Amino acid sequence: MWGAAAEPADSYYLIRPECTDVPNTKFKIKPGKTLSVRKWQAAFTTEGFLDIGKTLSRIQRGGIHPSIRGEVWEFLLGCYDPKSTFEEREQIRQRRRLQYASWKEECKQMFPVIGSGGFITAPVITNKGEPIYDPIVLQETNLGANGSDFFKDLASRGPLDQKVIQWLLTLHQIGLDVNRTDRTLVFYEKKENLSKLWDILALYAWIDNDVGYCQGMSDLCSPMIMLLEDEADAFWCFERLMRRLRGNFRDTGRSVGVEAQLTHLASITQIIDPKLHHHLEKLGGGDYLFAIRMIMVQFRREFSFCDSLYLWEMMWALEYDPEMYSLYEEPQFEGERIEGSSKGKPKSINQCGKYERENMKNGGKSAEGPLPISVFLVASVLKDKSSKLMTEARGLDDVVKILNDITGNLDAKKACTGAMKLHKKYLKKAKK
């Protein structure tokens, strides 16, 4: 069940040789600090119970060794309860794989490219549900008899259900995004890996009735494909990540969910650095939309690939809530947490991440719940670049340029440390 200890870390994230403009990772394996294979195995009892408190502490000090990153992430994201046994987790895993296979077959019946090893980048229907016989579409849906049967079947179905129309309209946008996601990595030179990413995102778009698919989700899903060999396991890891982030993508018609996070970012900056906030307001950036990408895709574009994964696991370890599994686990996917579905036992502070403990102690929560640490990460970056922004930014284009210049030059551990310090400072000032 555990990854091979001898696997070199760099082999997991090889950059294609011609991609010389891709920033190098700052994160290196640090013996004695990183959660190693040996320490990970030692954290389990013979039955399979995980000492999550000790594990979180180790991750917060030095991240996770790449060879076990996928299986550790499953715990950090709430796929499994640390209080479960090896046998119980295997039963859950098999049940989820069957559920995924069932959803995939359902989608394949509607659109046979699903599971074929290919994907599409052109629309197959109009907004009214009528087939589009475009040469690109016909080429991309070339599945022999199955491909031609799809268009015949589509034309013979009569009026399509609106949900099916919306889903079919989404598929080519997913394909376009997949074609742009992490293409500097050797892993995505293989078309079957791109297809796997497309399949997972297409299935998620089908089962999430509220949000569906939005641009940016491919950036969040891509690492799961690389870290978890089984497609179903990668899907469920992504699905759990979306439980944390899907509110950012929700579109009410009047606003997008991430705008709530940007409002909190504005409030934090106003308290921590009022001069900077005033300067940004004068430039027309008081809505902080220039920071939307950082929050939406969790700094995937601001860090190198390796450092972004290191940052994510640091954030998840800091935010870890032992009630997460029971809050997420449901009879079937509904796209929302079930409020009050925990077992009613008091939360053990020793099993919480450091950021979660601070929130518990200081009541640092908004009406919607605890502010994610990512908001304080962005605030920390703005604070760090305050002097440059104040002296050099004469318009929003300058703000974006200054923030873009940090790409590849951020240190994940220092960024998290800065966010934690800013969080404490904010809580103290907010109470006054």
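Biologist: In which loop is D182 found?

Modeller: Keep in mind that we're looking at a predicted model here. Follow the chain past one helix, residues 162–180, and stop before the next one, residues 191–207. D182 is found in the loop between those two, α7 and α8.

Biologist: Is D182 buried or exposed?

Modeller: Its phi is near 50°, a positive value in a residue other than glycine. For burial, though, we look at the relative accessible area, which is 12% for D182. Buried means under 20%, so D182 is buried.

Biologist: Okay, on to Q298. What is its phi near?

Modeller: Let's place Q298 to begin with: it's in the loop between α13 (292–296) and α14. At 7% relative accessibility, Q298 counts as buried. Its phi is positive in a residue other than glycine, and the value is near 55°.

Biologist: How do α14 and α17 lie relative to each other?

Modeller: Helix α14 covers residues 305–319 and helix α17 covers residues 373–384, and their axes come within 10 Å. They cross at roughly 125°. Angles of 65 to 115 degrees count as roughly perpendicular and those over 145 as roughly antiparallel. The crossing angle fits neither class, so α14 and α17 are oblique.

Biologist: Which residues of α17 make that contact with α14?

Modeller: On the α14 side you'll find L311, M315, L318 and E319. By class, the contact has five nonpolar, one polar and one charged residues. The α17 side is made up of I373, S374 and L377.

Biologist: Around what arc do the buried residues of α16 lie?

Modeller: Helix α16 takes in residues 354–362, and Y355, E356, E358 and N359 are buried there. They sit on the same side of α16, because the arc they cover around the axis is only 160°.

Biologist: How far apart in space are W236 and E74?

Modeller: W236 lies in helix α10, residues 231–249, and at 9% relative accessibility it counts as buried. Leaving out residues up to four places away in sequence, W236 touches C79, R96, R97, Q99, Y100 and W103. W236 and E74 are 162 residues apart in sequence, but C-alpha to C-alpha the distance in space is 8.6 Å.

Biologist: Last one! Which residue's backbone nitrogen does the D81 side chain reach?

Modeller: D81 lies in the loop between α3 (69–76) and α4 (86–110). With 9% relative accessibility, D81 counts as buried. At 2.9 Å, its side chain reaches the backbone nitrogen of K83.

How values were computed: Residues are numbered from 1 along each chain as its sequence is written. This is a predicted model: local features need pLDDT of at least 70, side-chain atom pairs count only at pLDDT 80 or more; totals for chains, interfaces and linings use all residues. Side-chain values use heavy atoms; hydrogens and water are left out. Helices (H or I, at least four residues) and strands (E, at least two) are DSSP runs, numbered from the N terminus. Buried means under 20% relative accessible area, exposed over 50%, partly exposed in between (1.4 Å probe, protein chains only). A polar contact is a pair of N or O atoms within 3.5 Å; within protein, one must be able to donate a hydrogen and the other to accept it, and residues adjacent in sequence count only if both atoms are side-chain atoms. Axes are lines fitted to C-alpha atoms, for helices over the stretch in contact, and angles run from 0 to 180 degrees between N-to-C directions. Angles under 35 degrees count as roughly parallel, over 145 as roughly antiparallel, 65 to 115 as roughly perpendicular and the rest as oblique. Contact means heavy atoms within 4.5 Å. Ala, Val, Leu, Ile, Met, Phe, Trp, Tyr, Cys and Pro count as nonpolar, Asp, Glu, Lys and Arg as charged, and the others, Gly among them, as polar. The arc is that of the directions from the helix axis to the C-beta atoms.
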